[in-house]
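Hi there,

Here is the structure I promised to pass on. Have a look at it first, and then read on for what turned up.

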Amino acid sequence: MTDVADLAGIPLFARLSRDEAAELASRFETKPVGEGVRLASEGAAGYSFYVLVDGGAVVTLEGVPVASLGPGDFFGEMAILGEGRRTATVTTTSPTKVLTLFGTEFRRLQQSHPAIAALLEDAMRRRAQELLAVQRNAPA
Ligand code: CMP
């Protein structure tokens, strides 16, 4: 259960009404995470989607940093929408506050509140497509 105030100011949730935000907040867990914690491991099974409320994280592919994430950024959508495997490693670079949504909870939301789930899923799918396009264009 997340305080709805934690969702304020996060672009991913900008289009939600107050009631929708409250519903969604009830599905997310909030947790403080220390620096240097690996939240996703490339190739491993992944069961959660994450949003950074504050702090930062680095995305690495085979140990090479490819992106930095900051407050309001999300990650973990690839495993939740796709085949359940993490496509990259994500490690915190400072103490952070992280919102976590389990894939099972996301699927429950799709059943009970399809409009809210669709808003979230649109953003997740857009992002997943951008990342797949980057991967396709990357040198082998
Ligand atoms: P997922 O594969 O579930 O777990 C690792 C996450 O890192 C992935 O979802 C994306 O959210 C994110 N990610 C993967 N590749 C990149 C990349 N090239 N740049 C930024 N983020 C990425």
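I'll begin at the ligand, where a backbone N or O atom of Gly76 lies 2.9 Å from one of the ligand's oxygen atoms. Please keep in mind throughout that this is a predicted model.

**Around the ligand**

Two side chains also make polar approaches to ligand oxygen. Glu77 places a polar side-chain atom 2.9 Å from an oxygen atom of the ligand, and an N or O atom in the side chain of Arg86 is 2.7 Å from a ligand oxygen. The protein covers 94% of the 450 Å² of accessible area that the ligand has on its own. In total, 15 residues surround the ligand, and those that come nearest are Gly76, Glu77, Ala79, Arg86 and Thr87.

Two of these names come back when you look at Ser48, a residue of strand β3 (residues 48-54). Leaving aside residues up to four places away in sequence, Ser48 touches Gly76 and Arg86, along with Ile80, Thr100, Leu101, Phe102 and Gly103. Ser48 has a relative accessible area of 5%, so it counts as buried.

**Salt bridges**

As you know, side chains of opposite charge can pair when their charged atoms come close. How many salt bridges does a search of the whole structure find? The search gives six.

One of them joins the side chains of Asp6 and Lys97, with N and O 3.1 Å apart. Asp6 sits in the segment before α1 (18-25) and Lys97 in strand β8 (residues 96-102), so this pair ties together parts that are 91 residues apart in sequence. Is each partner buried or partly exposed? Asp6 is buried, because its relative accessible area is 14%, while Lys97 is partly exposed at 29%.

Another salt bridge pairs Arg27 with Glu105, again with an N to O distance of 3.1 Å. This pair links distant parts of the chain, since Arg27 is in the loop between α1 and β1 (29-33) and Glu105 is in helix α3 (residues 103-112), 78 residues away. Both Arg27 and Glu105 are buried, and through shared partners the salt bridges join Glu23, Arg27, Glu105 and Arg108 into one network.

Within that network, Glu23 forms a salt bridge with Arg27, and their closest N and O atoms are 2.8 Å apart. The relative accessible area of Glu23 is 21%, which means it counts as partly exposed. Arg27 has a value of 13%, and so falls in the buried class.

**At the surface**

The last stop is strand β4 and what follows it. Leu61 lies in strand β4 (residues 57-61), and its 32% relative accessibility makes it partly exposed. Together with Val64 and Val66, Leu61 makes a nonpolar surface patch of about 230 Å².

Glu62 is found in the loop between β4 and β5 (64-69). What is the sign of phi at Glu62? Phi is positive there, at about 50°, although Glu62 is not a glycine. With 73% relative accessibility, Glu62 counts as exposed.

If you open the model yourself, the ligand contacts of Gly76, Glu77 and Arg86 may be a handy place to start, followed by the network of Glu23, Arg27, Glu105 and Arg108.

Best wishes, and happy browsing!

Note on methods. Residues are numbered from 1 along each chain as its sequence is written. This is a predicted model: local features need pLDDT of at least 70, side-chain atom pairs count only at pLDDT 80 or more; totals for chains, interfaces and linings use all residues. Side-chain values use heavy atoms; hydrogens and water are left out. Patches are made of residues with over 30% relative accessible area and no salt bridge: like charges are joined within 9 Å, nonpolar side chains (Val, Leu, Ile, Met, Phe, Trp, Tyr) within 5 Å. Accessible areas come from the Shrake-Rupley method with a 1.4 Å probe; for residues, only the protein chains shown count as cover. A salt bridge is a side-chain nitrogen of Lys or Arg within 4 Å of a carboxyl oxygen of Asp or Glu. Helices (H or I, at least four residues) and strands (E, at least two) are DSSP runs, numbered from the N terminus. Buried means under 20% relative accessible area, exposed over 50%, partly exposed in between (1.4 Å probe, protein chains only). A residue is near a molecule or strand if one of its heavy atoms lies within 4 Å of it. A polar contact is a pair of N or O atoms within 3.5 Å; within protein, one must be able to donate a hydrogen and the other to accept it, and residues adjacent in sequence count only if both atoms are side-chain atoms. Contact means heavy atoms within 4.5 Å.
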